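Open the model in your viewer and keep the selection tool at hand. The tour visits a ligand site, then a pair of packed helices.

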Amino acid sequence: MPGLIEGKVTLVTGAGGGIGRATALVLAREGAKVLVSDVSTRRGEETVGLVREAGGDAEFFKADVSRGSDVEALIAAAVTKWGRLDGAHNNAGISGQIVGVAEDTEENWDRTLAVDLKGVWLCMKYEILQMLRQGGGSIVNTASTAGLLGAVRMGAYAAAKHGVIGITKTAALEYARLNIRVNAICPGVIGTPPILHWMENPKTRDALLGQEPIGRAGRPEEIGQAVAWLFSEASSFVTGVAIPVDGGLTAQ
Ligand code: NAD
């Protein structure tokens, strides 16, 4: 049986990590070619190895999403390799320092916003320019439940993720008639390496899982499956939304 997104050319940023890596694997399993990108060559190439081991088609391109020249070269690399870019998952992100608003520093604020918000805008800019040239495409930005709710001691992160939803909706409106759909996914507590590390502390584990009505952390591939659907024709009337994939966290 053909995959959900057979033959589509896709990009995942932050694909050396938990959600991005799992998404790259899901996209490849669903038939897409995947340009795996990360600021870490080692982690990104590991992901490419995993995709190929599973029988998929992937290449690595190193890019720091906070740098415009890196991002422009990244989108050009997809087009050079495969001729187009059908689906882009702008997923690279950092949590920033865990600190209250009054104790936060300009350094933490600037870095967190540069990666989590400016990085998403830069990716969208060059992706949209390419999608306009080829007549359409689908973009999925990783926001967070912290883009919908406050996040205690993560003010810069919450501000950036609220901003991701704002630019997602804006781009969706601007390009809706031009066959480019733009959506965001808001993961809840997902069992990626940084979160699993935090959960080694029993108090933190109870606090994190206590927020989850489903009673467990999400699996990274549960985000990847939502991305594959948003890249596919099955979601052809869906644009401008921020979809919680959060085990019910934001229903409370
Ligand atoms: P992760 O740390 O496992 O992976 C993030 C990846 O992004 C890493 O491989 C890292 O090298 C890369 N990266 C960091 N800065 C970069 C930059 N400037 N340019 C390019 N790549 C960069 O994290 P994750 O949990 O998989 O998170 C992925 C996304 O999901 C992030 O945007 C995060 O905010 C979001 N998110 C995660 C959770 C969760 O529970 N894990 C919840 C909500 C949202």
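A residue counts as near the ligand if one of its heavy atoms lies within 4 Å of it. Keep in mind that this is a predicted model.

**Stop 1: the ligand shell.** Select the ligand and the 29 residues around it. Which of them come nearest? They are Ile19, Asp38, Asn91, Tyr157 and Ile190. By class, the shell holds 14 nonpolar, ten polar and five charged residues.

**Stop 2: polar contacts.** Go to glycine 18. One of its backbone N or O atoms lies 3.0 Å from a ligand oxygen atom. Move on to asparagine 91, one of the nearest residues. Here a backbone N or O atom is 2.9 Å from an oxygen atom of the ligand. Next, pick threonine 192. A polar side-chain atom of this residue sits 2.9 Å from a nitrogen atom of the ligand.

**Stop 3: the cover.** Turn on the surface. On its own, the ligand has 820 Å² of accessible area, and the protein covers 89% of that. Now colour the elements that give two or more residues to the shell: helix 1 (18-29), helix 4, helix 5 (155-175) and helix 6 (193-198).

**Stop 4: helix 3 against helix 4.** Stay with helix 4 (residues 106-134) and add helix 3 (residues 68-82). Their axes are 9 Å apart, at an angle of about 35°. The crossing is right-handed. Show side chains for Gly68, Val71, Glu72, Ile75 and Val79 in helix 3. They meet Leu122, Cys123, Tyr126, Glu127 and Gln130 in helix 4. This contact has six nonpolar, two polar and two charged residues.

Technical notes: Residues are numbered from 1 along each chain as its sequence is written. This is a predicted model: local features need pLDDT of at least 70, side-chain atom pairs count only at pLDDT 80 or more; totals for chains, interfaces and linings use all residues. Side-chain values use heavy atoms; hydrogens and water are left out. Axes are lines fitted to C-alpha atoms, for helices over the stretch in contact, and angles run from 0 to 180 degrees between N-to-C directions. Helices (H or I, at least four residues) and strands (E, at least two) are DSSP runs, numbered from the N terminus. A crossing is left-handed if the near helix is turned anticlockwise from the far one by less than a right angle, and right-handed if clockwise. Contact means heavy atoms within 4.5 Å. Ala, Val, Leu, Ile, Met, Phe, Trp, Tyr, Cys and Pro count as nonpolar, Asp, Glu, Lys and Arg as charged, and the others, Gly among them, as polar. A polar contact is a pair of N or O atoms within 3.5 Å; within protein, one must be able to donate a hydrogen and the other to accept it, and residues adjacent in sequence count only if both atoms are side-chain atoms. Accessible areas come from the Shrake-Rupley method with a 1.4 Å probe; for residues, only the protein chains shown count as cover.
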